[in-house]
Amino acid sequence: MHTIGEVAHLLGISTHTLRYYEKEKIIIPDRDESGDRRYNDSHIRWLQFVIKLKETQMPISKIKKYASLFLEGDQTTSARLSLLEEHKHYIEQLIKTLIDVDGMLERKIVAYKDFISIRAASRDL
């Protein structure tokens, strides 16, 4: 079992973020006899997943919905699947957009470098 500070350090997030996730019922840590939060390996794996969802711009409201559905049990499997498929589709669209933008930026960068190179060469004449 890990303390809130250990988990925050391990995952590269703040203790404030962990408390926020608890407040929003995204995670429910165990408590020791003193009432201090304790996180097991399952909690850590879940938090790693939550962090990846956040990094891919899934709104907290959808992460909360997913967590809520999970706590409701196996009868929500289809709803959870649908939520994840929807997010995967969003990511696929985002990847396509990023690839397009990357190509556009690369062309612009090459054009600017060519322009600067030609200008520099003409000054040297």
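# Close-up views of a predicted chain

Trp46, Phe49 and Tyr66 form one aromatic cluster. The model shown in these views is predicted.

**View 1. The aromatic cluster joins Trp46, Phe49 and Tyr66.** By the ring-pair rule used here, the count comes to four aromatic pairs. In one of them, the ring centres of Trp46 and Phe49 are 5.8 Å apart and the planes stand at 45 degrees, so the pair is tilted. A pair is called tilted because its planes are neither under 30 degrees apart, which would count as stacked, nor over 60, which would count as edge-to-face. Trp46 and Phe49 both belong to helix α3, which covers residues 41-55. They are three residues apart, about one turn of the helix. Trp46 is buried, with a relative accessibility of 19%, whereas Phe49 is partly exposed at 31%. The limit for a buried residue is under 20%.

**View 2. Phe49 and Tyr66 pair across two helices.** The ring centres of Phe49 and Tyr66 are separated by 5.9 Å, and their planes meet at 55 degrees, so this pair is also tilted. Phe49 lies in helix α3 and Tyr66 in helix α4 (residues 60-72), so the pair ties together parts that are 17 residues apart in sequence. Tyr66 has a relative accessible area of 11% and is therefore buried.

**View 3. His87 is a buried residue of helix α5.** Helix α5 runs through residues 77-124 and includes His87. Is His87 buried or exposed? His87 counts as buried, because its relative accessibility is 9%. Which residues does His87 contact, when neighbours within four places in sequence are left aside? They are Leu53, Thr56, Gln57 and Met58. Leu53 falls within the range of helix α3, residues 41-55, and Gln57 lies in the loop between α3 and α4.

**View 4. Gln57 and Lys25 each have a positive phi.** Most residues other than glycine have a negative phi. Gln57 is not a glycine, yet its phi is positive, at about 70 degrees. Its place is the loop between α3 and α4, and Gln57 is also among the contacts of His87. The phi of Lys25 is near 65 degrees, again a positive value in a residue other than glycine. Lys25 is found in the loop between α2 (15-23) and β1 (30-31). The side chain and backbone of Lys25 together have a relative accessible area of 57%, so the residue is exposed.

**View 5. Ile4 is a buried residue of helix α1.** Helix α1 covers residues 4-11 and includes Ile4. Ile4 has a relative accessible area of 14% and is therefore buried. Apart from neighbours within four places in sequence, Ile4 is in contact with Thr15, Leu18, Arg19, Arg37 and Tyr39. How many residues apart along the chain are Ile4 and His43? They are 39 residues apart, and their C-alpha atoms are separated by 11 Å.

**View 6. Asp114 and Lys64 are 50 Å apart in space.** Asp114 is found in helix α5. With 43% relative accessibility, Asp114 counts as partly exposed. Asp114 and Lys64 are 50 residues apart in sequence, and the distance of 50 Å is taken from C-alpha to C-alpha.

**View 7. The whole chain places the close-up views in context.** The chain contains five helices and two strands. Along the sequence these elements follow the pattern α-α-β-β-α-α-α. The chain is more spread out than a compact globule, because its radius of gyration is 23 Å, well over the 14 Å that the globule rule gives for 125 residues. Along the principal axes, the C-alpha atoms fill a box of roughly 80 × 35 × 20 Å. Of the 125 residues, 25% count as buried. Among contacts between residues at least 6 apart in sequence, 48% join residues at least 24 apart. The accessible surface comes to about 9100 Å², and 58% of this area belongs to carbon and sulfur atoms. The chain carries 20 positive and 19 negative side chains, and the centres of the two sets lie 6 Å apart.

Methods:
Residues numbered from 1 in each chain as written. Heavy atoms only, no water. Helix = DSSP H or I, 4+ residues; strand = E, 2+ residues; numbered from the N terminus. Rg over C-alpha atoms; globule rule 2.2 N^0.38 Å. Buried < 20%, exposed > 50% of the residue type's maximum accessible area, 1.4 Å probe, protein only. Contact = heavy atoms within 4.5 Å. Areas by Shrake-Rupley, 256 points an atom, 1.4 Å probe, with all protein chains shown as cover. Lys, Arg positive; Asp, Glu negative; His and termini not counted. Charge placed at Lys NZ, Arg CZ, Asp CG, Glu CD. Phe/Tyr/Trp six-rings, centres within 6.5 Å; stacked < 30°, edge-to-face > 60°.
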